[in-house]
Amino acid sequence: MTTSQELKRISHFVNGAVTPGTSGRSGKVYNPATGDVQATVDFASLEELDRVIEVAKNAFKSWRNTPLSKRADILFKFRDLVDRNRLELAKLLTAEHGKVTSDALGEIARGLENVEFACGIPNLLKGNYSEQASTGVDVYSIPQPLGVVAGITPFNFPAMVPMWMFANAIGCGNTFILKPSEKDPSASLFMADLLKQAGLPDGVFNVVHGDKLAVDHLLSHPDIAAVSFVGSTPIAKYVYETGTRHGKRVQALGGAKNHMLVLPDADVNMAADAAVSAAYGSAGERCMAISVLVAVGGIGDQLIEAIQERLPKLKVGPGNDPQNEMGPLITREHRDKVASYVEGAEQQGATVVVDGRKTEVPGNGFFLGVSLIDHVTPKMDCYKDEIFGPVLCVVRANTYEEGLALINDNPYGNGTAIFTRDGGAARKFQFECNAGMVGVNVPIPVPVAYYSFGGWKASLFGDTHMYGPDGIKFYTRTKVVTSRWPDPSTSKVDLGFPQTR
């Protein structure tokens, strides 16, 4: 066990430099694969939060005047720096989150797609122009930055989700304050350093660590114009209601219960591969993970058998071992909570086909093997709640209509998928299902960077999705200019309402 004297200290990043905290409060950062505390992270005081907001506010004055070509140049350089340092960044993700190296590298790659999109900011910020809207009058619109904006990000994607936010935000001319998860905060500091190396002026991107005190202050401070959030639905609802009550623009992405509908004509092996990949990747700690498989008609038994055949081959262990395919969960408490759903499902009448609680990994890490639960009903806790772990529930449905009703009646609406060989059925499903992201023979339909990410119902609070075109819209506000350069001799007083004819 590492002693407290040897623990690494993780501090804030303010005005272009690592800045040790002064509040005297801190949190523990664990290595989920060993169960050991490996670092402490400073928690900001109200005074420290006020200082970082003031720094970002002052930096905005010059950053918003920076030419678009210069902003794009910095983003291009940052993209190349992340690419060159992706292995080092992946090691940080594995050390603090626990995910295996391949998963960490995949997270970085998907984050970089959003940086690449933001590199096109000169084109993305083009406004509209209407000549001769009225006699001698031209009208044009200008997207302009909001000011200081903040991002509050979750533990499960400590590199990708911040890139979803800050790349567009700073590209649009805002300054950004990132409050990452206190469970795995080092990736944010690593990216802050790369942004500085890329030439980003001091104060444009800042990192402040903390707990609820920090979140509440960001949501209420008058100089924060907008807040982006990703996390659980109860907290997303709280963030949205609190932020908007204080006059802020807020996008808050919440939890999920993603269903995969498998029709009788589907390729069983393809569907089984997809279900295993989508349910157990990143130990199920994904808001886009498939947690419910809806088997329609007689395909259920075949699917269960095919999935069950694949599970013993999955290798669970520390993420830094390239042989392993699934790492630990983020904390011991979360591991135990996920395990309790497996126990509860059995007590409530479901069939535990594969029990992840029986998987043993040497040491004291927060490991839990994969679980497969059959004959789940909508009244069971394992169906109703977002488990956020390596548990796949199977619900049997007699018809397509019955399966669709399950999806549409669920309070969450993040993502869903259908597996079928029937194009008409797929077209009908994408038209009728109530979810923000839909996959057709694609189990995790996370949009590419030039579309936007976001769910419906209790999976999203706010009216814009994240990254892509919606991200540009969220981080700008439109100014419309009506201009007239007439012959002065035509000027006259007219108290009537302005007309265009």
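The following dialogue discusses a helix, a buried threonine and the nonpolar cores of a predicted model.

Colleague: How should the span of helix H7 be read, and what value is expected for it?

Modeller: One compares the distance between the end C-alpha atoms with the expected span. H7 covers residues 186–197, and its twelve residues reach 17 Å, close to the 16 Å expected at 1.5 Å a residue. After H7 comes Gly-199, which has a positive phi, near 105 degrees.

Colleague: Why is H7 described as largely enclosed by the rest of the structure?

Modeller: The description rests on burial: nine of its twelve residues are buried, so H7 is largely enclosed. Among the buried residues are Ser-186, Phe-190, Met-191 and Leu-195.

Colleague: Is Thr-94 to be classed as buried or exposed?

Modeller: Burial is assigned below a cut-off of 20% relative accessible area. Thr-94 has 10% relative accessibility and therefore counts as buried. This residue belongs to helix H3, residues 86–96. Beyond its sequence neighbours up to four places away, Thr-94 touches Lys-99, Val-100, Thr-101, Ala-104, Gly-319 and Asn-320.

Colleague: Which residues touch the most other members of the largest nonpolar core?

Modeller: In soluble globular proteins, nonpolar side chains tend to be buried together. Here the largest such core has 68 residues, and Phe-78, Phe-166, Ile-170, Phe-176 and Phe-205 touch the most other members. Helix H6, residues 160–171, supplies the largest share of this core, with nine residues. Apart from this core lies another, of 66 residues, including Leu-263, Ala-295, Val-354 and Phe-429.

Colleague: What does Phe-166 touch, not counting residues up to four places away in sequence?

Modeller: Its contacts are Phe-78, Gly-171, Phe-176, Met-191, Leu-195 and Phe-205. Of these, Met-191 and Leu-195 are buried residues of H7.

Definitions and conventions:
Residues numbered from 1 in each chain as written. Predicted model: local features only at pLDDT ≥ 70, side-chain atom pairs only at ≥ 80, totals over all residues. Heavy atoms only, no water. Helix = DSSP H or I, 4+ residues; strand = E, 2+ residues; numbered from the N terminus. Expected span 1.5 Å × (residues − 1). Buried < 20%, exposed > 50% of the residue type's maximum accessible area, 1.4 Å probe, protein only. Contact = heavy atoms within 4.5 Å. Core = buried A, V, L, I, M, F, W, Y, C linked by side-chain atoms within 4.5 Å.
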